[in-house]
Amino acid sequence: MLKKLSILIAVIVLASCIRVEYKRSLADSFVGMKEQELVTRIGPPDNVYEIGNARYLTYYKIVQGNNGYIAGRCKITFTFFDKKLDNWQYDGNICNQYINSIGLH
């Protein structure tokens, strides 16, 4: 019984790691893209800031429920160095849907 439980836990852990890596690889083709091209493709960012040589563009998506509470949220931040997309990250519970809606795949 303990061996079966250990195998099940290992499978779940590996599956969750693969899923995150898959989502991360969806936008790898965006790496190297110029900032203006990204903005033209998915629209103006909700927030822009610079730290040193890096420029950050942040996009937010919030879905409200019937009673005004927040039912879902996603924040995607794109990092640019030398005016080219170097990295991106996301956080939230509706990022899969938001990533698909802005064509980030």
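This report describes the overall make-up of a predicted model and then follows strand 3 to the disulfide.

**Overall make-up**

The protein has three helices and four strands, and read from the N terminus these elements follow the order α-α-β-β-β-β-α. Of its 105 residues, 29% count as buried, while the surface that the protein exposes comes to about 7500 Å², with carbon and sulfur atoms supplying 55% of that area. Among the contacts in the protein with a separation of 6 or more, 36% are accounted for by residues 24 or more positions apart.

**Strand 3 and its residues**

Strand 3 covers residues 70–81, and Ile70 lies in it; Thr79 is found in strand 3 as well, and so is Cys74, one of the two partners in the disulfide. The relative accessibility of these three residues, together with that of Cys95, is set out below.

| Residue | Relative accessibility | Class |
|---|---|---|
| Ile70 | 52% | exposed |
| Cys74 | 2% | buried |
| Thr79 | 12% | buried |
| Cys95 | 2% | buried |

Ile70 counts as exposed because its relative accessibility of 52% is over the cut-off of 50%. When its neighbours within four places in sequence are left aside, Ile70 is in contact with Ile62, Val63 and Gln64.

Thr79, by contrast, counts as buried, because a relative accessibility of 12% falls under the cut-off of 20%. With its neighbours within four places in sequence again left aside, the contacts of Thr79 take in Ala54, Arg55 and Tyr56 and also Lys84, Leu85, Asp86 and Asn87.

**The disulfide**

The count of disulfides in the model comes to one. This disulfide is formed by Cys74 and Cys95, whose sulfur atoms are 2.2 Å apart, a distance that meets the criterion because it lies within 2.5 Å. The torsion about the S-S bond of Cys74 and Cys95 is about 105 degrees, and the disulfide is therefore right-handed. Since Cys74 belongs to strand 3 whereas Cys95 belongs to helix 3 (residues 95–101), the pair ties together parts that are 21 residues apart in sequence.

Both partners fall in the buried class: Cys74 has a relative accessible area of 2%, and Cys95 likewise counts as buried, at 2% relative accessibility. Strand 3 thus holds the exposed Ile70, the buried Thr79 and the buried Cys74, the last of which forms the disulfide with Cys95.

Key: Residues are numbered from 1 along each chain as its sequence is written. This is a predicted model: local features need pLDDT of at least 70, side-chain atom pairs count only at pLDDT 80 or more; totals for chains, interfaces and linings use all residues. Side-chain values use heavy atoms; hydrogens and water are left out. Helices (H or I, at least four residues) and strands (E, at least two) are DSSP runs, numbered from the N terminus. Buried means under 20% relative accessible area, exposed over 50%, partly exposed in between (1.4 Å probe, protein chains only). Contact means heavy atoms within 4.5 Å. Accessible areas come from the Shrake-Rupley method with a 1.4 Å probe; for residues, only the protein chains shown count as cover.
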